[in-house]
Amino acid sequence: MKEIYFAGGCFWGTQHFLRQINGVVSTEAGYANGNTENPLYEQVYTDKTGYAETVRVEYDPAVISLSVLVELYFRSIDPTSLNRQGGDVGTRYRTGIYYTSPEDYPIIKAVYDKVALNNEAPIVVELEVLRNYYKAEEYHQDYLIKHSDGYCHIPLALIEFARKANRVQ
């Protein structure tokens, strides 16, 4: 198993989207690349801690490649929107890809560069080594499963697309 971290705006929708993908073994909502230890949601929400709402993804590289996973992530965000996805605004809602293995960088960068070429506006997705990560409070985990009426910036059609992506028919 391998891991990668995606910040895609509100982590409720990002987690729900990513968990649909064949080859994703587990997901966890959390906070990444901030300036304090053990942040709480109320602190992150102030945009003063430097954290991004992030989803830790454990995946099976025998089922899904990192490049396909990154391509699917890019479908779920507006990569040209700074500190905003859908109705969510603030630095905690910035987009980012945070990796832990140096060998993952060139794979991620190749997809990143391809996305950049296909956008007229510059993309603002962070591409960084994961500096730190803290699991979010339990009530944030799998939020859209627990609360089917919860807000999500990712369209339902895209979530359905994720369910079907990377499946051998």
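**Around helix H6, the sheet and Arg92**

Helix H6 is followed by Asn166, a residue with a positive phi, near 65 degrees. This is a predicted model, and H6 makes a handy place to start looking around it. The helix spans residues 156-164, and its buried residues are Leu158, Ile159 and Ala162. These three sit on the same side of H6, because they cover an arc of only 105 degrees around the axis. An α-helix has 3.6 residues a turn, so residues three or four places apart point the same way. Turn to the other side of H6 and the picture flips: Leu156, Ala157 and Lys164 are exposed there. As for what the buried residues touch, they pack against helix H1 (11-19) and against H3.

H3 leads on to the sheet. This helix, residues 66-75, lies across four strands, namely E1, E2 (24-32), E3 (52-59) and E6, and runs at about 15 degrees to E1. The sheet itself is open and built from 6 strands, lined up as E7-E6-E1-E3-E2-E8 with mixed pairing. At its edges are E7 (126-129) and E8 (133-135), each of which pairs on one side only. On average, and ignoring direction, neighbouring strands in this sheet are turned by 35 degrees against each other. One of the pairings joins E1 (residues 2-8) to E6 (residues 95-99), in the antiparallel sense and over 4 bridges. Within it, Phe6 has Ile97 of E6 as its bridge partner.

Another helix, H4, also lies across part of the sheet: it covers E1, E6 and E7, and runs at about 175 degrees to E7. Ala110 belongs to H4, which takes in residues 105-117. With a relative accessible area of 49%, Ala110 counts as partly exposed, since the exposed class begins only over 50%. Its C-alpha atom is separated by 10.0 Å from that of Val70, although the two residues are 40 places apart along the chain.

Just ahead of the sheet strand E6 there is a loop worth a stop. Arg92 has its place there, between strand E5 (88-89) and E6. Despite being an arginine, Arg92 is buried, with a relative accessible area of 6%. Where does the side chain of Arg92 reach? It gets to the backbone oxygen of Tyr45, at 2.9 Å. Tyr45 has company, too: leaving aside neighbours within four places in sequence, Arg92 is in contact with Val44, Tyr45, Asp47, Tyr51, Ala52 and Glu53.

Technical notes:
Residues numbered from 1 in each chain as written. Predicted model: local features only at pLDDT ≥ 70, side-chain atom pairs only at ≥ 80, totals over all residues. Heavy atoms only, no water. Helix = DSSP H or I, 4+ residues; strand = E, 2+ residues; numbered from the N terminus. Buried < 20%, exposed > 50% of the residue type's maximum accessible area, 1.4 Å probe, protein only. Pairing = 2+ DSSP bridges. Axes fitted to C-alpha atoms, helices over the stretch in contact; angles between N-to-C directions. Contact = heavy atoms within 4.5 Å. Arc of directions from axis to C-beta. Polar contact = N/O pair within 3.5 Å; in protein donor to acceptor, adjacent residues only side chain to side chain.
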